[in-house]
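Visitor: Please take a close look at the metal site and say which residues hold the ion. Then place that site within the chain.

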Amino acid sequence: MRSRRSFLLSAGATTAGIFFSSSLARANSGYRIAQAGGPETPNIRLGFIPIVESAPLIIAKEKGFFAKHGMTGVEVLKQASWPAARDNVVIGSAGGGIDGGQWQMPMPHLIHAGIITNGNPVPMALLCQLNTQGNGIAIAGIHTGKGLGLDISEAADYIKSFPETNGRRFRAAHTFPNVNQDFWIRYWLAAGGVDPDKDIDLLAVPPAETVQGMRNGTMDAFSTGDPWPYRIVADEIGFMAALTHEIWPFHPEEYLAIRADWVEQNPRATQAILMAVMEAQQWCDDPANREELVRICSSRTYFNVPIDVLTPPYQGNYEMGDGKPAIQDFNAGPLYWEDGRGSVSYPYKSHDLWFLTESLRWGFHARSLPDLDTVRRLVDEVNREDLWREAAQALGVSNIPSQTSRGTERFFDGTVFDPQDPQAYLNSLKIKRI
Ligand code: CA
């Protein structure tokens, strides 16, 4: 396996200058899963980060959906951080790591191509989207009354002139570079005329350290996920500038992806996992189950937060602070199965394309991801919407999308992303690195 992969890698590198091993990743395409016979193994080790995105994995285990589909030995393992999750999937379960789990985007693509794994590609299979929304931009309380809301165009000068008044630049944090939380805050800043690379300091910082910095006046903004936004407002550390629901309603958020070698060796187990997660996602979206969901996820094993901190976001109740009206809308909070645009769980290729087009916009990984052709190839290698479809059919799901594109996406500032013409989207943006 190793030598074959090395061969593919060097062949790919020679011809295209990139590090994709497409033959390996696609080796099981066209495989039809036998109706008879259970999963090849009942065991898999899946990583999670203690934020609302991981709920379908936790619920699939705790409510018995994994076991129902024969996956009686699934371990759902808390990861100390995003870098730890990445390092653990590189190791794999054989080495004491994980086989896959929850990811910000496009981490599976970056791991697959070796871009964030020291040039060591670990082919990945993107299997389903875990959730939409549930994230937001929090601002330190010292900025109350400065106009830091959804549209910050009126406050852009306040942010840009920060060094003159404070002796340092405006500082903002996310938890891992070049993925969702980085993209959300960059999009929000740039839409208001603030260049995230030139006008402020934007850094990857652990959540606890960021919140401490917001308390003591050394950190100004935090791009984060539930339940952190609620805690920041409830503890009077700051306020919410915007929910990601306001920036891009029903946007793609985090995903389930597993090592492609595991998927290849265990196609029936992969389908069983997908069916279990889909059932868990349906369970999570039933308002009648949210109280139990909060009880399960708030426990020490999982998020380790008080029930009253986790309850409001799961009811769609967001105190925004800074004089903004509270948001009370179940459909503005985290959703797992269905939203205002249809399926949440189905992994649209058009969404992978947006995350990687946005990577081009900001000049991330410019050597490995130089253009849209490379991006499209990477999407086709990693996205396994075909496996999602097979599992959904086996489960009898009625809302299976007919296309791999969700169609045109609209952002709060009027910007349009047409998946058929990502170049037009790039052309339309004022602040960009290309
Ligand atoms: Ca997130």
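Guide: In this predicted model, the calcium ion has as protein donors Glu53 (OE), Asn135 (OD1), Glu253 (OE) and Glu254 (OE), at 2.2 to 2.6 Å from the ion. Donors are N, O and S atoms within 2.8 Å of the metal, or 3.2 Å for Na, K and Ca; water is not among the atoms, so sites may look incomplete. The spacing of the donor residues in sequence is E-x81-N-x117-E-E. Distant parts of the chain are linked by the pair Asn135 and Glu254, 119 residues apart: Asn135 lies in strand 5 (residues 135–140), and Glu254 in the loop between helix 12 (244–247) and strand 10 (255–259). Helices (H or I, at least four residues) and strands (E, at least two) are DSSP runs, numbered from the N terminus. Both Asn135 and Glu254 are buried, that is, under 20% relative accessible area with a 1.4 Å probe, protein chains only.

As for the surroundings, the protein chain has 20 helices and 16 strands, and 59% of its 434 residues count as buried. Of the contacts (heavy atoms within 4.5 Å) between residues at least 6 apart in sequence, 76% join residues at least 24 apart. The C-alpha trace spans about 65 × 50 × 40 Å along its principal axes.

Residues are numbered from 1 along each chain as its sequence is written, and side-chain values use heavy atoms, without hydrogens and water. Local features need pLDDT of at least 70 and side-chain atom pairs count only at pLDDT 80 or more, while totals for chains, interfaces and linings use all residues.

Note on methods: Buried means under 20% relative accessible area, exposed over 50%, partly exposed in between (1.4 Å probe, protein chains only).
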